[in-house]
Amino acid sequence: MSSITRQVGIGTFKASARTRELLAAVLDSGRISYGQFSKELEARFSDLHGCAFGVLSNSGTSSLQVALQALKETHGWQDGDEVIVPAVTFVATANIVLHNRMRPVFVDVDPRYYELDPQKIEAAITPKTRAIIPVHLFGLPCEMEEISDIAKRYGLRVIEDSCETMFVDYASRPVGAWGDIGCFSFYVAHLLTAGVGGIGITNNPDLAAKMRSLVNHGRDGIYISIDDDAIGGDRLKEVVAKRFRFESIGHSFRITELEAAVALSQLDDYKTMIASRQSNATYLTRRLREHERNGRMQLPSIRPKAGHAFMMYPIVLLNESKWALCQFLEASGIETREMLPLINQPVYQHLVRESDYPVAEWINRCGFYVGCHQDLCLKDLDHIADTIDTYFNGVQI
Ligand SMILES: Cc1ncc(COP(=O)(O)O)c(C=O)c1O
């Protein structure tokens with residue numbers, strides 16, 4: 001069997017001099033549990049996204065899970081209450097609803113931007129609906145004005161799943177600052193890449209405290225890290241007495257200083273990183289435009305009033321299934337991923353019928369993405385476009 005050398009991947013990670021410096025500082029400090037780097041990452045990341053509080057966890061999924069649990073406990077929601085999620089998203093968005101013993105209610109996405117369609121939300125609301133989880137996919141913010149307006153009218157809470165989108169605004173407000181809580185991921189191939197990691201941000205101090213407790217086994221907030229007993233007097237007595245007091249059924253979802261240092265080391269460069277992804281996407285769109293004009297594929301669009309962080313470059317074919325083209329790209333060393341199939345997955349088939357969601361069904365059949373990250377060069381981008389030209393035309397346009 002011959003092997004293919006992958007030339008163009010979806011994601012990238014390069015340890016900079018700053019990454020090495022911060023990691024060395026962690027190792028030299030002898031402190032790898034939640035400490036100064038985690039605190040700095042929480043403060044700077046949440047501030048950049050217009051929120052006062054940030055709570056780190058070991059994944060975007062964990063952050064989403066404790067975000068929903070924090071709201072469920074705070075508002076006294078019942079098992080079986082409903083949460084609206086888009087029919088196209090990574091499986092974790094719906095999984096965390098089930099992990100919280102609530103019911104995901106799927107709403108189709110719109111055919112231009114592939115995100116929760118505000119026109120279809122109201123029909124899915126029932127007396128049991130408690131929350132909406134809009135998902136900012138591929139780097140593009142959802143239509144948050146309309147979604148927030150619906151949530152307000154029906155008294156619903158909003159958790160933004162922003163695991164694929166950072167550092168961009170919708171209507172001059174950053175992603176993550178629209179809902180009650182916004183959740184982000186630092187997993188491999190994401191915009192900030194720490195290996196693993198997630199963060200939930202909010203402007204509500206009580207929700208922040210609750211999430212922090214839930215990430216730490218549901219502990220009393222008086223003792224969350226080993227700094228909390230580095231005090232004296234009566235306060236120390238109280239901390240010692242409550243160090244093993246648990247208030248919720250929580251989780252062991254903590255991150256270490258090592259991941260925090262890796263993520264933090266990338267924070268200074270986020271503007272260059274996003275700008276380079278945007279210019280790569282613009283270049284790909286220019287090179288592939290002819291195929292869109294010929295009715296073969298739909299290229300990504302940027303919603304009015306929104307930025308786009310281009311975590312990836314989504315393409316949906318118009319006249320054929322994605323598989324032959326994806327195989328052709330893969331055989332040419334270009335990584336592809338399916339555009340987040342969810343409702344056709346074996347594990348969800350008993351809960352939902354794909355044919356009730358025509359846009360999701362089309363995306364599941366015809367949608368895929370390729371990379372457009374900051375470490376791709378012009379030759380890589382040309383290789384993607386040339387390979388697609390060859391697939392459709394046999395020759396370059
Ligand atoms: C939309 C979306 N939500 C949630 C997640 C989960 O993030 P993590 O892998 O950090 O758990 C991802 C990760 O790929 C994602 O794309």
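The questions and answers below go through a cavity, a strand with its sheet, and one helix residue in a predicted model.

In this predicted model, local features need pLDDT of at least 70 and side-chain atom pairs count only at pLDDT 80 or more, while totals for chains, interfaces and linings use all residues. Residues are numbered from 1 along each chain as its sequence is written, and side-chain values use heavy atoms, with hydrogens and water left out.

Reader: What is the volume of the largest cavity?
Author: A cavity is a set of points, on a 1 Å grid over the protein atoms alone, where a 1.4 Å probe fits but cannot get out. Grid points are joined across faces, edges and corners, and the volume is the space filled by probe spheres set on the points. The structure holds one cavity of 30 Å³ or more, and the volume of the largest is about 40 Å³.

Reader: Where does the largest cavity lie with respect to domain 1 and domain 2?
Author: Its lining, meaning residues with an atom within 4 Å of a point, includes R112, F138, P300 and P314. The domain bounds come from an automatic or database domain assignment. Because domain 1 (17–268) and domain 2 (269–394) both give residues to this lining, the cavity lies between them.

Reader: How many residues of strand β11 are buried?
Author: Strands are DSSP runs of E with at least two residues, numbered from the N terminus, and buried means under 20% relative accessible area with a 1.4 Å probe and protein chains only. On one side of β11 Y313, I315 and L317 are buried, and on the other P314 and V316 are buried, so that both faces are covered. Strand β11 (residues 313–317) is therefore largely enclosed by the rest of the structure, its buried residues being five of the five.

Reader: Which strands are at the edges of the sheet that holds β11?
Author: Two strands pair if DSSP finds at least two bridges between them, and β11 pairs in the antiparallel sense with β13 (residues 367–370) over four bridges and with β10 (residues 297–298) over two. The open sheet of four strands runs in the order β10-β11-β13-β12. The edge strands, each pairing on one side only, are β10 and β12 (337–338).

Reader: Which residues does T285 touch, not counting residues up to four places away in sequence?
Author: T285 lies in helix α9 (residues 270–293), a helix being a DSSP run of H or I with at least four residues. T285 is buried, with a relative accessible area of 11%. With contact taken as heavy atoms within 4.5 Å, and not counting residues up to four places away in sequence, T285 touches L299 and Y313.

Key: On a 1 Å grid over the protein atoms alone, a cavity is a set of points where a 1.4 Å probe fits but cannot get out, and a pocket is an open set with protein on both sides within 12 Å along at least five of seven lines; lining residues have an atom within 4 Å of a point. Buried means under 20% relative accessible area, exposed over 50%, partly exposed in between (1.4 Å probe, protein chains only).
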